[in-house]
Amino acid sequence: MENRTTTILGISPGTRFTGIAVFRQGELIEYQTKTFMGKVSKKKLQRIHNTTEEIIDGYSVDSIVIKIPNGRTKHKGVKQIIGDIEKMATKKHLQLFRCNISELKQMCLFDKNTNRQDLAEYLMQKYPAELSFIRHCGYN
C-alpha cells in the first residue's frame, strides 16, 4: 500500500492580494497573503502565475481548492487568474475544487448563514498557534 501524503493548497485569488494556505495531512503548514502591486497587465498576471506555480511545486501540492468570488465580482484579471490555476491543475494532474465563501462556511461550520467572523473564529480555534497573529488584526 502506498503511503501518500495529501497536500492541499487553498487559494483566494486576487490581482492585488492573493491568500494562500497549505495543508498537509490536515495540518496547516503555511499561510500567507501575497501582494502584487501595480496595474493588471500581462506581466503582472505572469508574476501571479509564477508565484502560484512555485508554491504548488515547492510544497508538492496534489490538490487545490480555489475560493471563487461571489457573483458581484466581475474583474477580468481575477477570472484570468482562476482560469490559469485551473489549467495549471490540469497540466500537473492535480485535483481541483472550486467553492465560494458560503460553501466554505458550510464545510467548516455546517451552516452557510454564519458570517466571516464566525469562520475566522472557527479557524483560530482549530489552528490557534498558526493563526495567533489574527488576534492582533481585529478579527477576534
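**Briefing: confidence, cavity and pocket**

Confidence in the protein is highest in helix H1, at a mean pLDDT of 95, and lowest in helix H4 (residues 116-126), at 58. The model is a predicted one. Across the protein the mean pLDDT is 77, with 65% of the residues reaching 70 or more. The points below cover confidence, the enclosed cavity, one residue of its lining, and the second largest pocket.

**Confidence**

- Over residues 130-140, pLDDT stays under 50.
- For this stretch, residues 130-140, the model has 16 contacts beyond four places in sequence.
- Where pLDDT is low, the predicted coordinates should not be read in detail.

**The cavity**

- Rolling a probe the size of a water molecule over the atoms shows where empty space is left.
- The structure holds one cavity of 30 Å³ or more, and the volume of the largest cavity is about 30 Å³.
- Its lining is formed by Ile11, Thr18, Ile20, Lys34, Phe36, Ile48, Thr51, Thr52 and Ile55.
- Two elements, strand S2 (17-24) and helix H1 (42-58), each give two or more residues to this lining.
- H1 supplies the largest share of the cavity lining, with four residues.
- Sorted by class, the residues that line the largest cavity are five nonpolar, three polar and one charged.

**Thr51, a residue of the cavity lining**

- Thr51 is part of helix H1 and is one of the residues lining the largest cavity.
- With a relative accessible area of 18%, Thr51 counts as buried, because the cut-off for that term is under 20%.
- The Thr51 side chain reaches the backbone oxygen of Arg47 at a distance of 2.9 Å.
- Leaving aside residues up to four places away in sequence, Thr51 touches Lys34 and Phe36.
- Lys34 and Phe36 also belong to the lining of the largest cavity.

**The second largest pocket**

- The volume of the second largest pocket is about 190 Å³.
- Lining this pocket are Lys42, Leu45, Gln46, Ile48, His49, Gln80, Ile81, Gly83, Asp84 and Lys87.
- H1 and helix H2 (76-91) are the elements that each give two or more residues to the pocket lining.
- By class, three nonpolar, four polar and three charged residues make up the lining of the second largest pocket.
- Ile48 appears both in the lining of this pocket and in that of the largest cavity.
- Helix H1 thus contributes to the linings of the largest cavity and of the second largest pocket, and H1 is also the element with the highest confidence.

Conventions
Residues are numbered from 1 along each chain as its sequence is written. This is a predicted model: local features need pLDDT of at least 70, side-chain atom pairs count only at pLDDT 80 or more; totals for chains, interfaces and linings use all residues. Side-chain values use heavy atoms; hydrogens and water are left out. On a 1 Å grid over the protein atoms alone, a cavity is a set of points where a 1.4 Å probe fits but cannot get out, and a pocket is an open set with protein on both sides within 12 Å along at least five of seven lines; lining residues have an atom within 4 Å of a point. Grid points are joined across faces, edges and corners, and a volume is the space filled by probe spheres set on the points. Ala, Val, Leu, Ile, Met, Phe, Trp, Tyr, Cys and Pro count as nonpolar, Asp, Glu, Lys and Arg as charged, and the others, Gly among them, as polar. pLDDT is the predictor's confidence in each residue, from 0 to 100. Contact means heavy atoms within 4.5 Å. Buried means under 20% relative accessible area, exposed over 50%, partly exposed in between (1.4 Å probe, protein chains only). A polar contact is a pair of N or O atoms within 3.5 Å; within protein, one must be able to donate a hydrogen and the other to accept it, and residues adjacent in sequence count only if both atoms are side-chain atoms.
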